[in-house]
Amino acid sequence: MKRLILIFFALGASLFAEKPNILYILADDLGYGDVQCLNPQRGKIATPHLDKLAAQGMTFTDAHSGSSVCTPTRYGLLTGRYAWRTRLQAGVLDGGNDEPLIAADRLTVAGLLKAQGYTTACIGKWHLGFQSKSATTKNDKKKGMGRAGLPVGAEIIGGPVTRGFDLFWGCSNARTMSALIEGDRVIETIEPITMLPRLGKRAVSYVQEHAADAKEGKPFFLYLPLTSPHTPILPTPEWQGKSGLGDYGDFVMMTDAIVGDVLNALDQAGLANNTFVFFTADNGCSPQAGTGKLEQQGHFASERLRGYKADIWDGGHRVPFFVRWPGKVKAGSQNAKLICHTDLMATCAEILGLKLPENAAEDSVSLLPALLGTESTSLRQSVVHHSINGRFAVREGRWKLCLCPGSGGWGKPGDADANRQGLPPVQLYDLNTDIAETKNLSAEHPDIVAKLTQQLEASIANGRSTPGAKQANDAAIVIFKSNKGAAAKK
């Protein structure tokens, strides 16, 4: 099967004279309003490097992560497929001794690019599951790494180097940041406060190490999933107090500076003009950042949006999204088209002139027409959102339908509380007039509710949201969940 895919891909021809390097930077729990240029009136954190990146490329103002939490977003980004099609119907992986969420035979962006001659690397936080014989037994009797992570020398099984990446250098998740992994081995135990700066330095080194090859026609794909500004919120001493907003503001500024270091490395290596740079976040800002206090200080991490990380409302999954490709993507441009993190796979395929297999990237739509300014219509018909509790929302144009009565996550009211308050079982918002999702219009527009519900049902039945042969989901999909915690199958 893999051999057939390689032969199939070899038939493709790049649409451009040279294959671009691709750098994809993913911040962790960074809110839409945490970037100064996206929130000039209600944002108080300086982000000069991200502001500069936005000025050098295209800003998507209606970009969404595949989920309002970490693991499922990362799955969708790397596979072009919504994670709710897998066994992970709610929540995230533990980060310990988890069965890998990405199946061994599923094509990833890294695998696609590697087959086209790219060198591929993941430097940062994986959080998509791997296993190890060295995992300890926790008190809850579930095998896991524990907060100390795996011991030095431990082998990981089913990690990034088995999912299309030539190199992995990083950690499992925020709970296990003391275990630094290279390839398939734990190489060192470190202090968590040093993880972020070390990731930044390793990414800079990677660019420097591969600059000569990149100039000779051997491009690289560097996936850089940072560990910040997720908890533990650990700005290093030189950043403490810089924002005037506490540790979270300092950590955001530190994150911005590390992005600047990596982009500067591209400039110094002479690679900026032929490197396709993406910057985004895996979901919205976490309430654990102290969002209430931040708002009292005048900083609104979700800008005007309702909710935060974990919620079905847009504050949970509308994220910063900047793309730079000098000479191809117009500097200082903005695009209001609806897009999703799952769109990376189809975008890369179109750049390289490839037709994807039917059983890959089932929820991916190419962004290339928007990036080149050649699109005449919407890129995608709709996006399906998913919250930490497995609640669905469907977005099409101005309309957003949430198939739950409350936040679907940590925000208030939660679904059980909303149900006790007698709130309607679904929520419908017109985002053109109500971006803060304050007025539920489901009673006034039952036709829109029915239409969007049917769209989701069709996407589930077809195993895909894009044109192509019908595919199978990995598990039964629950659309309407009981507000008491039980679920009813659809």
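This is a working chat about the sheet, some helices and a few loop residues of a predicted model.

Me: Before we start, what kind of model is this, and how are the residues numbered?
Reply: It is a predicted model, in which local features need pLDDT of at least 70 and side-chain atom pairs count only at pLDDT 80 or more, while totals for chains, interfaces and linings use all residues. Residues are numbered from 1 along each chain as its sequence is written, and side-chain values use heavy atoms, with hydrogens and water left out.

Me: OK, what is the strand order in the open sheet?
Reply: The open sheet has 10 strands in the order 9-8-7-4-10-1-11-12-2-13, and its pairing is mixed. Strands here (E, at least two residues) and helices (H or I, at least four) are DSSP runs numbered from the N terminus, and two strands pair if DSSP finds at least two bridges between them.

Me: Which strands sit at the edges?
Reply: Strand 9 (185-189) and strand 13 (333-335) are the edge strands, each pairing on one side only. On average, neighbouring strands of this sheet are turned by 15 degrees against each other, with direction ignored.

Me: How do strand 1 and strand 10 pair?
Reply: Strand 1 (residues 21-27) pairs with strand 10 in the parallel sense over 5 bridges, and Tyr24 has Tyr223 of strand 10 as its bridge partner.

Me: And strand 7, is that mostly covered or exposed?
Reply: Strand 7 is mostly covered, with 5 of its 5 residues buried, where buried means under 20% relative accessible area, exposed over 50% and partly exposed in between (1.4 Å probe, protein chains only). Leu167, Trp169 and Cys171 point one way from the strand, Phe168 and Gly170 point the other way, and all are buried.

Me: Which way does strand 7 run against strand 4 and strand 8, parallel or antiparallel?
Reply: Strand 4 and strand 7 run parallel and are joined by 5 bridges, with Ile123 standing opposite Trp169 in strand 7. Strand 7 and strand 8, by contrast, run antiparallel and are joined by 2 bridges, with Gly170 opposite Ile181 in strand 8.

Me: Switching to helices, which strands does helix 3 lie across?
Reply: Helix 3 (residues 70-79) lies across strand 1, strand 4 (119-125) and strand 10, and it runs at about 170 degrees to strand 10. For such angles, axes are lines fitted to C-alpha atoms, for helices over the stretch in contact, and values run from 0 to 180 degrees between N-to-C directions.

Me: Why call helix 3 largely enclosed?
Reply: Because 10 of its 10 residues are buried, helix 3 is largely enclosed by the rest of the structure. What covers those buried residues includes strand 1, helix 4 (109-115), strand 4, strand 10 and helix 8 (344-351). Just after helix 3, Gly80 takes a positive phi of about 70 degrees.

Me: What about helix 5, which strands does that one lie across?
Reply: Helix 5 (residues 195-215) lies across strand 1, strand 4, strand 7 (167-171), strand 8 (179-182), strand 9 and strand 10, running at about 175 degrees to strand 10.

Me: And how do the axes of helix 5 and helix 6 cross?
Reply: Their axes come within 8 Å and cross at roughly 10 degrees. That makes helix 5 roughly parallel to helix 6, since angles under 35 degrees count as roughly parallel, over 145 as roughly antiparallel, 65 to 115 as roughly perpendicular and the rest as oblique. Among the residues making the contact (heavy atoms within 4.5 Å) are Leu196, Ala203 and Val207 of helix 5 and Phe251, Met254 and Ile258 of helix 6.

Me: Now the loops, which peptide bonds are cis?
Reply: The bond from Ser228 to Pro229 is cis, with omega near 0 degrees, and so is the bond from Thr231 to Pro232, also with omega near 0 degrees. Pro229 is found in the loop between strand 10 (220-225) and helix 6 (247-268), and Pro232 lies in the loop between strand 10 and helix 6 as well.

Me: Where is Glu437, and what is its phi?
Reply: Glu437 lies in the loop between strand 18 and helix 11 (446-462), and its phi is positive, about 55 degrees, although it is not a glycine. Glu437 is buried, with a relative accessible area of 0%.

Me: Last one, is Gly422 buried or exposed?
Reply: Gly422 counts as exposed, at 60% relative accessibility, and it lies in the loop between helix 10 (415-420) and strand 18 (427-430).
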